[in-house]
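Biologist: I've just been handed this one and I don't know my way around it. Walk me through it, please.

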Amino acid sequence: MARVAKKNQVPAVRRPEVRLPELMPFEDGVLESEGDYDALEFRELDLAGQEGRGARFMDCGLYGVALDETRLGRARFMDCVLEGVRGVGTQLAEASLRDVEIVDARLGGTQMHGSALERVVVRGGKIDYLNLRKSKLVDVLFEGCVLVEPDFGDAVLTRVEFRDCVLKGTDFSGTTMRDVDLRTVAELGIARGVERLRGAVISPPQMLDLAPVFAAAMGVRVEGA
């Protein structure tokens, strides 16, 4: 079951150190499948509905970009910053994100099942119905963001911290956790998979708040005499 531990007992998340070079503006306007994009700036572009499956983004900055139903399955993002991106139904299944900062995103229904995230920070913003089923997250920090009904089903989380976040209706069904820090979550709502919190660390107040959920998962009825 989840541990209640002191802060210095939890391994710290290794954060990305993204230092973008001087960027050139992306002027093509249209993404290409398997395209290579190096040291480019995508600013205030509408990429809705475009096809960029398998594309590689290295040392890129995406600022205020619209990604409604943009198809980026198996895309790779390395040493990138995504700031103020927005969209509904963005397809990122089996994508790879390494050394990436995602800041103030406004996304809904983002499909990232089977993806791999390593040294990623998600800071601020709001993401509804994020699908991370069967994904692998290593050294990932969610900070000051709102996640509504995120799905971590059958995902593997290693050194993942949720700091000052709001988690609503979270699905941890089948999740495997190691050194997952939930202690500073502002609102911790777990819809499914509370029994999968082994390997997570929670605070004493959270333990009390989750007591009814733990009891229900164990089939225990709590009634007055």
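Modeller: One term before we start: on a 1 Å grid over the protein atoms alone, a cavity is a set of points where a 1.4 Å probe fits but cannot get out, while a pocket is an open set with protein on both sides within 12 Å along at least five of seven lines; lining residues have an atom within 4 Å of a point. Keep in mind that this is a predicted model, where local features need pLDDT of at least 70 and side-chain atom pairs need 80 or more, though totals for chains, interfaces and linings use all residues. Residues are numbered from 1 along each chain as its sequence is written, and side-chain values use heavy atoms, with hydrogens and water left out.

Biologist: Okay, which residues line the second largest cavity?

Modeller: That lining is made of Leu31, Phe42, Leu47, Phe57, Leu62, Leu67, Leu72 and Phe77. The volume of this second largest cavity is about 40 Å³, counting the space filled by probe spheres set on the grid points, which are joined across faces, edges and corners. Its lining has eight nonpolar residues, with no polar and no charged ones. Here Ala, Val, Leu, Ile, Met, Phe, Trp, Tyr, Cys and Pro count as nonpolar, Asp, Glu, Lys and Arg as charged, and the others, Gly among them, as polar.

Biologist: And how many cavities are there of 30 Å³ or more?

Modeller: Two, from a search of the whole structure. The largest cavity comes out at about 240 Å³. It has 19 lining residues, and those nearest its centre are Leu82, Leu92, Ile102, Leu107 and Met112.

Biologist: What's the lining of the largest cavity like, by residue class?

Modeller: There are 17 nonpolar residues and two polar ones, and none is charged. Strands E7 (76–83), E9 and E10 each put in at least two of the lining residues. Those labels are for DSSP runs, numbered from the N terminus: strands (E) have at least two residues, helices (H or I) at least four.

Biologist: In which sense do E9 and E10 pair?

Modeller: Parallel: E9 (residues 96–108) and E10 (residues 116–128) share 11 bridges, and two strands count as paired if DSSP finds at least two bridges between them. For example, Leu97 sits opposite Leu117 in E10.

Biologist: What else does E10 pair with in the parallel sense over seven bridges?

Modeller: That's E11. There, Val120 has Val140 of E11 as its bridge partner. E10 also runs parallel to E12 (residues 146–148), joined by three bridges, with Lys126 partnered by Val146 in E12.

Biologist: New topic: how many aromatic pairs does the whole structure have?

Modeller: The search finds 10. Rings of Phe, Tyr and Trp (its six-membered ring) pair if their centres lie within 6.5 Å; planes under 30 degrees apart are stacked, over 60 edge-to-face, and the rest tilted. Take Phe26 and Tyr37: their ring centres are 5.7 Å apart and their planes are at 85°, so this pair is edge-to-face. Phe26 is in the loop between strand E2 (24–25) and strand E3 (36–38), and Tyr37 is in E3, 11 residues apart.

Biologist: Are Phe26 and Tyr37 buried or exposed?

Modeller: Both are buried, meaning under 20% relative accessible area with a 1.4 Å probe and protein chains only; over 50% is exposed, and in between is partly exposed. They also form one aromatic cluster with Phe42, Phe57 and Phe77.

Biologist: Why does the Phe142 and Phe162 pair count as stacked?

Modeller: Because their planes are at 5°, with the ring centres 4.9 Å apart. Phe142 lies in strand E11 (residues 136–143) and Phe162 in strand E13, so the pair ties together parts 20 residues apart in sequence. Phe142 is buried at 2% relative accessibility, and Phe162 is buried too, at 0%.

Biologist: Back to empty space: what volume does the largest pocket have?

Modeller: About 150 Å³. Of its 13 lining residues, Pro11, Ala12, Val13, Glu161 and Arg163 are the closest to its centre. The lining splits into six nonpolar, no polar and seven charged residues.

Biologist: Which strand gives the largest share of that pocket's lining?

Modeller: E13, with three residues. Both E13 (156–163) and E15 (176–181) supply at least two. These two strands pair in the parallel sense over five bridges, and Leu157 stands opposite Met177 in E15.

Biologist: What does E15 pair with over two bridges?

Modeller: Strand E17 (residues 200–202), again in the parallel sense. Val180 has Ala200 in E17 as its bridge partner. Asp181 is in E15 as well, and counts as buried at 7% relative accessibility.
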